Amino acid sequence: MKSAGPKIDRNTIVISIKDLQKSFGEMNVLRGIDLDLYKGENVVILGRSGSGKSVLIKIIAGLLKPDSGMVKLLGSEINNLDKKELLALRLKIGFSFQSSALYDGMSVWENLQFPLVRNRRDLTKKQVNETIEQVLNDVGLLQTIDQMPAELSGGQKKRIGIARMLILHPEIILYDEPTGGLDPVTCVEINNLINKVQLQYNTSSIIITHDLSCAKSTGDRIVMLSDGIFFRQGSFEEVFNTDDERVKSFYNYYILNQ
Ligand SMILES: Nc1ncnc2c1ncn2[C@@H]1O[C@H](COP(=O)(O)OP(=O)(O)OP(=O)(O)O)[C@@H](O)[C@H]1O
């Protein structure tokens, strides 16, 4: 069970998705997805490999076009925005990629400085340095400031990836398999960081994963994706306290693969 979380504002919807559909040829990957994400909430989308989680998050991020349906981010329907408006909106959305997506040829400081100065030309050198140090401190890795990505562990790279996203203070964060490829102890650290970010940066997040521990500790709400629809949702306990074979088989699959 997730420990005491933030106050969720159920009067403010930051992501609204209605009847979203996406096919590739004959394959109907998303067959009518509806979801409202409330301000301050972390929603975990759980689904087996190939269930369409990445396709969904790419559509929300505006990287992939749906066949039909609607996605509203912070009150704006993304299909109705021109390129400039979409870019401005994207600045309010943080993407935490599975791969961390750091620039290998740049130090940690440079990896953070690059997006910051590109988007905040108003900052002085001193403010840039202070902002970088603050965000590195928040993810617990100030000591890596001069290191290169190749010198970091997988968990540290994930943290720096999260720091690079946080440096622009996003309102919404999309996490793609945040604990993918990490050992169980490092997974717990990343889960704790996701919760800390939610509280400290007042973010609302969608977390896609097939890691039940991650879902349990970070999700204020869990939705389960299978056969192109969300077939079950609620707290972790509500979702898993069932005889539904699709839920039980997911659970068994997870336990077997630990
Ligand atoms: N650009 C594409 N062209 C054709 N098929 C695609 C494309 N992107 C995804 N698919 C298909 O859509 C289905 C869902 O893929 P997706 O990557 O969303 O799964 P996932 O739930 O994220 O899986 P995993 O947990 O393994 O990352 C898969 O069958 C995949 O092959």
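Colleague: Which residues have the most contacts inside the largest nonpolar core?

Modeller: Those are Ile15, Ile45, Ala163 and Ile206, in a core of 56 residues. Keep in mind that this is a predicted model.

Colleague: Okay, and where does that core lie relative to the domains?

Modeller: Domain 1 (12-92 + 171-256) and domain 2 (106-169) both give residues to the core, so it lies between them.

Colleague: Let's stay with Ala163 for a second. Which residues does it touch?

Modeller: Leaving aside anything up to four places away in sequence, Ala163 touches Leu112, Val135, Leu136 and Val139.

Colleague: Back to the two domains. How far apart are their C-alpha centres?

Modeller: The C-alpha centres of domain 1 and domain 2 are 26 Å apart. Twelve residues from domain 1 and twelve residues from domain 2 make up the contact.

Colleague: Which helix gives the most to the domain 1 side?

Modeller: That's helix H6 (residues 184-200), with six residues on the side of domain 1 that touches domain 2.

Colleague: And how does that side split by class?

Modeller: The side of domain 1 that touches domain 2 has eight nonpolar residues, three polar and one charged.

Colleague: New topic: sheets. What's the strand order in the open one?

Modeller: The order is E6-E7-E8-E3-E9-E10, so to speak from one edge to the other, with six strands and mixed pairing. At the edges sit strand E6 (93-96) and strand E10 (229-234), each of which pairs on one side only. From one strand to the next, the twist averages 20°.

Colleague: What about E3 and E9, parallel or antiparallel?

Modeller: Parallel: strand E3 (residues 42-46) and strand E9 (residues 221-226) pair over four bridges. To pick out one pair, Val43 has Arg221 in E9 as its bridge partner.

Colleague: Which strands does helix H5 lie across?

Modeller: Helix H5 (residues 154-166) lies across E6 and strand E7 (172-176), and H5 runs at about 170° to E6.

Colleague: What comes in the loop between H5 and E7?

Modeller: His169 has its place there. The phi of His169 is near 50°, a positive value in a residue other than glycine.

Colleague: Is a positive phi common or uncommon outside glycine?

Modeller: Most residues other than glycine have a negative phi.

Colleague: And why does His169 count as partly exposed?

Modeller: Because 15 other C-beta atoms lie within 10 Å of His169, and a residue needs 20 or more to be buried, or 12 or fewer to be exposed.

Colleague: Which other residue has a positive phi without being a glycine?

Modeller: Leu74, with a phi of about 45°. Leu74 lies in the loop between strand E4 (68-73) and strand E5 (76-77). Leu74 is partly exposed because it has 16 C-beta neighbours inside 10 Å.

Colleague: What do E4 and E5 form together?

Modeller: They form a hairpin with two residues between them, and Leu74 is in the turn. E4 and E5 pair in the antiparallel sense over two bridges, and the bridge partner of Lys72 in E5 is Glu77.

Colleague: How many bridges join strand E1 to E4?

Modeller: Five bridges join strand E1 (residues 9-24) to E4, and the two run antiparallel. One of the pairs matches Gln21 with Ser68 in E4.

Definitions and conventions
Residues numbered from 1 in each chain as written. Predicted model: local features only at pLDDT ≥ 70, side-chain atom pairs only at ≥ 80, totals over all residues. Core = buried A, V, L, I, M, F, W, Y, C linked by C-beta atoms within 7 Å. Domains from an automatic or database assignment. Contact = placed C-beta atoms within 7 Å. Pairing = 2+ DSSP bridges. Axes fitted to C-alpha atoms, helices over the stretch in contact; angles between N-to-C directions. Nonpolar A, V, L, I, M, F, W, Y, C, P; charged D, E, K, R; others polar.
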